Amino acid sequence: SKVRKRLQQKPLVIERTRGSEMLFGIAPCSLALSQSRRDIFRLFLKQSSGPRQRVMSELVLQATARGVTVHHVTRREMDALCRGHVHQGVCLEATPLRFKSLEEAEKLDLGDEENKSQQLVWLVLEQIQDPMNLGALLRSAYFLGVDRVVTSQRNSCPLTPTVSKASSGAMEVFDVYSTDDLRSFLKAKTAEGWEVVGTVSNPEDVENIPVISCLEFQWNKPVIIVIGSEGDGLSLETQLLCHRMLAIPPGRALHPGIESLNVSVATGKYSSDAQKHHSSK
């Protein structure tokens, strides 16, 4: 009878602070607590005495240092708070992160003479819609040393808790910029002396633009690598603004339907090869 009653209990209903969202996962929550980029309201921890107890204790210390209230809840309550996502026993109520404007980026770059002589690598994302892909892209870009990520505003995924979890928390420490006029942005960077390099899965689809293997890519000026959407790749208008196109050669003859890599895996390859050539200079 007691077991039946316990199973029939509804999860605790917790009123969310207006305008807040629920981060979930150890890395996103820990990094959000350690930064000052979000307003933090409450930390929720699953009641546990398992191997993650030390991690949980550290999270409590982080929350206490910021004056954040800590709530210990059951597994069912945690699942309800995170709406079934893989939370690792942790979720955090906080304000959302927003894309930064390119005007903010220009203010940061103003007067930075050292950056003007560096071989910078920027990653531009055109209409990436899957939050898991966006998160994986940000994780790869952060790890591989990409200097800045810019995404198009139209038909692009926002910076959601799912993106933060998929990025293993990189989204919490890595600024992401956006533009509502991607074409004008690329034209302006070209005028400043940057090279704009597109990416393509099938070189036969590209006309009048040189296509090279990413293994052969050499560069000696600031470069922008442009990644297209999961389904359609780069739009024709964006392709026409690229000086060259990069392709990843397959390691074998491919069966129909699996002729290309996942967009986040491909981006990791492009970024890795660009940094290799940069470090070998």
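Start by selecting β10 and strand β12 (residues 244-247) in this predicted model. The two run parallel, joined by three bridges. Now pick S213: it stands opposite A247 in β12.

Add helix α7, residues 131-144. This helix packs on the sheet and touches β6 (121-125), β7 (148-152) and β8 (176-179). Look along β6: the direction of α7 makes about 175° with that of β6.

Next, show the whole sheet. It is open, has eight strands and pairs in parallel. Trace the order β5-β8-β7-β6-β11-β9-β12-β10. Which strands stand at the edges? They are β5 (100-101) and β10 (211-213). Each has a single partner strand, so one side of each is left without a neighbour in the sheet.

Move to the cysteines. Select C82 and C91. Their sulfurs are 3.9 Å apart. A disulfide needs sulfur atoms within 2.5 Å, so the C82 sulfur is too far from that of C91 for a bond. C91 is in no disulfide, and a search of the whole structure finds zero. Are these two residues buried or exposed? C82 counts as buried, at 2% relative accessibility. C91 is buried too, with a relative accessible area of 0%.

Finally, zoom out to the full protein. Colour by secondary structure to see 11 helices and 12 strands. Switch to burial: buried residues make up 44% of the 281 residues. Turn on the surface, and the accessible area comes to about 15,400 Å². Carbon and sulfur atoms hold 50% of that. Last, display contacts with a separation of 6 or more: residues 24 or more positions apart account for 87% of them.

Notes: Residues numbered from 1 in each chain as written. Predicted model: local features only at pLDDT ≥ 70, side-chain atom pairs only at ≥ 80, totals over all residues. Heavy atoms only, no water. Pairing = 2+ DSSP bridges. Helix = DSSP H or I, 4+ residues; strand = E, 2+ residues; numbered from the N terminus. Contact = heavy atoms within 4.5 Å. Axes fitted to C-alpha atoms, helices over the stretch in contact; angles between N-to-C directions. Buried < 20%, exposed > 50% of the residue type's maximum accessible area, 1.4 Å probe, protein only. Areas by Shrake-Rupley, 256 points an atom, 1.4 Å probe, with all protein chains shown as cover.
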